[in-house]
Amino acid sequence: ACAMGVSAFAPTAPLRALTTRSVESKVTMMAAKTGAKLKYVNAIPLSDLPKPGSAVGAVVGGLDVCIAVGTDGLIYALGGKAPPTGTPLKDGKVGKNTIKDAQYGTEFNLETGAVEGKWCPGGIGFIVGKLVAPEGVPTYRVKKSGAFIQVEVDVAYKKNYESNYWRGILDAQGKTDGGYY
């Protein structure tokens with residue numbers, strides 16, 4: 001009886017061979033790259049400018065930026081995340097020409113962003129420094145304009161980055177091209 005019940009679900013006609021076809025998608029959700037578009041953007045009000053020897057963080061044009069004031073009073077703008085782990089550079093100690101990462105003690109040149117001195121000398125940095133090659137931070141032009149500190153950034157950076165990342169809306173099978181398996 002059990003064998004009869006199972007055979008009831010078996011097809012009575014022979015199965016035909018399955019064919020597949022390739023469908024070329026005409027729809028794309030990829031954003032086109034626009035190229036660099038450098039522009040001075042307000043970063044912080046002058047009233048929020050830190051005292052000499054310290055730094056503050058800001059998001060400028062979608063980028064995390066560190067505004068540092070050297071002990072000599074000069075204003076610098078650098079990438080906001082210190083390699084190798086991405087700790088906030090705004091928490092570092094600012095000297096005349098360098099900013100010192102609070103986590104591992106690496107010093108970065110305020111003008112060039114290059115590593116100065118030893119790479120990851122503090123804490124467990126002696127281990128991390130052997131695993132990860134020395135890496136600097138980006139630097140940006142900075143100016144005072146009216147009541148603001150402005151930083152020159154690529155305002156198209158986020159869009160260009162996402163053009164390599166975003167693939168678009170997925171269909172029910174998790175594909176973007178509408179084709180079938």
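This report describes the fold, sheets, cores, largest pocket and some single residues of a predicted model.

Residues are numbered from 1 along each chain as its sequence is written, and side-chain values use heavy atoms, with hydrogens and water left out. Because the model is predicted, local features need pLDDT of at least 70 and side-chain atom pairs count only at pLDDT 80 or more, while totals for chains, interfaces and linings use all residues.

## Overall content

The chain has three helices and 13 strands. Helices (H or I, at least four residues) and strands (E, at least two) are DSSP runs, numbered from the N terminus. Of the 181 residues in the chain, 30% are buried. Buried means under 20% relative accessible area, exposed means over 50%, and partly exposed lies in between (1.4 Å probe, protein chains only). Among contacts between residues at least 6 apart in sequence, 47% join residues at least 24 apart; a contact means heavy atoms within 4.5 Å.

## Strand pairing

Strands of a sheet pair through backbone hydrogen bonds, either parallel or antiparallel. Here two strands pair if DSSP finds at least two bridges between them.

Strand E2 (residues 54-60) runs antiparallel to E3, and seven bridges join them. Within this pair, Val56 stands opposite Ile67 in E3. The two strands form a hairpin with two residues between them, and Gly61 in the turn has a positive phi of about 60°.

An open sheet of four strands follows the order E7-E8-E9-E10, with antiparallel pairing. Strand E7 (93-94) and strand E10 (115-116) stand at the edges with a single partner strand each, so one side of each is left without a neighbour in the sheet. Strand E9 (residues 107-109) pairs with E10 in the antiparallel sense over two bridges. Glu107 has Glu116 in E10 as its bridge partner.

## Nonpolar cores

In soluble globular proteins, nonpolar side chains tend to be buried together. A nonpolar core is a set of buried Ala, Val, Leu, Ile, Met, Phe, Trp, Tyr and Cys residues joined through side-chain atoms within 4.5 Å. The largest such core has 16 residues, of which Ala68, Leu78, Leu89, Ile99, Phe108 and Leu110 touch the most other members. E3 and strand E4 (75-79) are the elements that give two or more residues to this core. Apart from it lies another core of 13 residues, among them Val60, Ile67, Ala77 and Val153.

Leaving aside neighbours within four places in sequence, Leu110 is in contact with residues including Ala68, Leu78, Val94, Ile99 and Thr139.

## The largest pocket

The largest pocket holds about 330 Å³ of space. On a 1 Å grid over the protein atoms alone, a pocket is an open set of points where a 1.4 Å probe fits, with protein on both sides within 12 Å along at least five of seven lines; lining residues have an atom within 4 Å of a point. The volume is the space filled by probe spheres set on the points, which are joined across faces, edges and corners.

Of the 16 lining residues, the closest to the centre of the pocket are Leu63, Asp64, Lys81, Tyr140 and Tyr157. Strand E3 (63-69), strand E5 (81-82) and helix H3 (157-165) are the elements that give two or more residues to the lining. H3 gives the most, with three residues. By class, the lining has eight nonpolar, five polar and three charged residues. Ala, Val, Leu, Ile, Met, Phe, Trp, Tyr, Cys and Pro count as nonpolar, Asp, Glu, Lys and Arg as charged, and the others, Gly among them, as polar.

## Single residues

The table gives the position and accessibility of four residues.

| Residue | Location | Relative accessible area |
|---|---|---|
| Gly86 | loop between E5 and E6 | 27%, partly exposed |
| Lys100 | strand E8 (residues 98-100) | 38%, partly exposed |
| Cys120 | loop between E10 and helix H2 (125-131) | 1%, buried |
| Glu152 | strand E13 (residues 148-154) | 14%, buried |

Gly86 and Gln103 are 17 residues apart in sequence and 9.8 Å apart in space, C-alpha to C-alpha. The C-alpha atoms of Lys100 and Leu89 are separated by 8.0 Å. Not counting residues up to four places away in sequence, Lys100 touches Gly92, Lys93, Gly105, Thr106 and Glu107. With neighbours within four places left aside, Glu152 is in contact with Leu38, Lys39, Tyr40, Tyr140 and Arg141.

Most residues other than glycine have a negative phi, and most peptide bonds are trans. Cys120 has a positive phi of about 55° although it is not a glycine. The peptide bond from Pro83 to Pro84 is cis, with omega near 5°, and Pro84 is found in the loop between E5 and strand E6 (87-88).
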